[in-house]
Amino acid sequence: MTERPCLLVDAARACVVTDLGRTAGPARGLAINGALDQFAARAANALAANSPNDPLLEATGFGVTFRPTHDVLIAVTGAPAQPSIDGRPHSAWSPLSVRAGQTVHVGVSEAGLRAYVAVHGGFAVPSLLGSVAPDSMIGFGTEAVPGAGLPLLRSRPPLVNPVFGATIFHFGVPRQPRVPTVLDVIDGPDAGEFGDELDKLFASPYCVTPRINHVGMRVAGPVPQRSVTGEVLSRGVPVGAIEAPAGDELLVLMRGRGITAGYPVLAVLTSAAQDVAGQLRPGQRIRFRRTTAAAATAVHLERRRQLDRIATRARSAFAAHAFFTKGR
């Protein structure tokens, strides 16, 4: 057994160590990056008794299989999936205790695209400007590849019943069985330049194309046309901006987008809709729905309160377990 706890990766593809993003990046010309489904990443860390921004795994499309060298506590969230430990299925969105040497498999179902695996303590991997989030533009990041050993900062005694060997805490976190197909947006800075054409954005469905990654997502469908002809100068654009380039596709900017762009921005995804966009698969049909900044803020605050409740329950459960098992 190695001296430092780590995860030994047996199988992985498109799997990286990430966090909530490089908030210091945009001021220095770097994208924020980080987990595309921020709610799922925060929930995984809360369930694993971590801080919200602790490093965790983001598995895109293909899942991941690993073995810990020490007893660990993990949590799996994100795309609807059922993790297994030594072939035995367990519940996602709940703390799971894994003994040293056991094989954990996390698949990614067709109902979503990205799964998140938090391990208590997080991963000890290189960081840049305070974040471990990969940045493909500059070649930075830690990828989980077969044969790799991902070092952990610390391990936690397993949360199991010492007699029956079963995980004893289940939080029953509410989650959706499938990814929503409606994305809420607020008007973008250039919405007024589209006039009645803007209605096309909400009147017709769009199809997610295969051109999708951390930088952006292209969706095929009606492209509203500007009613003005002036050139759009490059300027700062937010994550979630919906741009209208020439052609028959809209461009939705994700967390890896450049901090400036020169296409007109007709709408911006809400924070909740950005999480949904991070779970969309090519070929999926979606619709955009207009909302207000006030309504979007209310949804965002309620989601944060839900995460706070999860974290509080987890801390209470872990403290109680430590008390009742002390000295055993």
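A residue counts as exposed when its relative accessible area is over 50%, as buried when under 20%, and as partly exposed in between. G87 reaches 64% relative accessibility, so it counts as exposed. The model shown here is predicted. Its features include an open sheet of six strands, a helix that is largely enclosed by the rest of the structure and one cavity of 30 Å³ or more.

**The six-strand sheet**

- The strand order in this open sheet is β7-β6-β9-β4-β1-β12.
- Pairing within the sheet is antiparallel.
- Its edges are β7, residues 88-89, and β12, residues 149-151.
- Each of these edge strands pairs on one side only.
- Strand β6 covers residues 84-85 and makes two bridges with β7.
- Across that antiparallel pair, I85 faces R88 of β7.
- The loop between β6 and β7 holds G87.
- From G87 to V104 is 17 residues along the chain, yet their C-alpha atoms are separated by 7.9 Å.

**F66 in strand β4**

- Strand β4 spans residues 64-68, and F66 is part of it.
- F66 has a relative accessible area of 1%, so it is buried.
- F66 and V106 lie 40 residues apart in sequence.
- In space, the C-alpha atoms of F66 and V106 are 8.8 Å apart.

**Strands β5 and β8**

- Strand β5, residues 72-78, runs antiparallel to β8.
- Four bridges join β5 and β8.
- Opposite A75 stands P95 of β8.
- Strand β8 itself takes in residues 95-98.
- P95 and S97 point one way from β8, while L96 and V98 point the other way.
- Residues on both sides of β8 are buried: P95, S97, L96 and V98.

**Strands β14, β15 and β18**

- Strand β15 covers residues 216-220, and four of its five residues are buried, so it is largely enclosed by the rest of the structure.
- Strand β14, residues 206-212, pairs with β15 in the antiparallel sense over three bridges.
- V208 has V219 of β15 as its bridge partner.
- Three residues make up the hairpin connection from β14 to β15.
- β15 also runs antiparallel to strand β18, residues 249-253, and five bridges join the two.
- R218 has L251 of β18 as its bridge partner.

**Helix α1**

- Helix α1 runs over residues 38-47.
- Nine of its 10 residues are buried, so the helix is largely enclosed by the rest of the structure.
- Among the buried residues of α1 are Q38, F39, N45 and L47.
- Several alanines of α1 are buried too, including A40, A41, A43, A44 and A46.
- A49 follows α1 and has a positive phi, near 60 degrees.

**Positive phi in loops**

- Most residues other than glycine have a negative phi.
- A14 has a phi near 55 degrees, a positive value in a residue other than glycine.
- A14 is found between β1 (6-12) and β2 (15-18), in the loop.
- With a relative accessible area of 34%, A14 is partly exposed.
- L129 also is not a glycine, and its phi is positive at about 55 degrees.
- The loop between β10 (114-119) and β11 (142-143) holds L129.
- A relative accessible area of 35% makes L129 partly exposed.

**Cavity**

- The structure holds one cavity of 30 Å³ or more.
- The largest cavity contains about 40 Å³ of space.
- Its lining is made up of L36, V239, G240, L253, M254, R255 and Q274.
- By class, that lining has four nonpolar, two polar and one charged residues.

**Aromatic rings**

- Two aromatic pairs turn up in a search of the whole structure.
- The ring of F62 has the charged end of R13 over it.
- That charged end of R13 lies 4.1 Å from the centre of the F62 ring.

Conventions:
Residues are numbered from 1 along each chain as its sequence is written. This is a predicted model: local features need pLDDT of at least 70, side-chain atom pairs count only at pLDDT 80 or more; totals for chains, interfaces and linings use all residues. Side-chain values use heavy atoms; hydrogens and water are left out. Rings of Phe, Tyr and Trp (its six-membered ring) pair if their centres lie within 6.5 Å; planes under 30 degrees apart count as stacked, over 60 as edge-to-face and the rest as tilted. A charge sits over a ring if NZ of Lys or CZ of Arg is within 6 Å of the ring centre and within 35 degrees of the ring normal. On a 1 Å grid over the protein atoms alone, a cavity is a set of points where a 1.4 Å probe fits but cannot get out, and a pocket is an open set with protein on both sides within 12 Å along at least five of seven lines; lining residues have an atom within 4 Å of a point. Grid points are joined across faces, edges and corners, and a volume is the space filled by probe spheres set on the points. Ala, Val, Leu, Ile, Met, Phe, Trp, Tyr, Cys and Pro count as nonpolar, Asp, Glu, Lys and Arg as charged, and the others, Gly among them, as polar. Two strands pair if DSSP finds at least two bridges between them. Buried means under 20% relative accessible area, exposed over 50%, partly exposed in between (1.4 Å probe, protein chains only).
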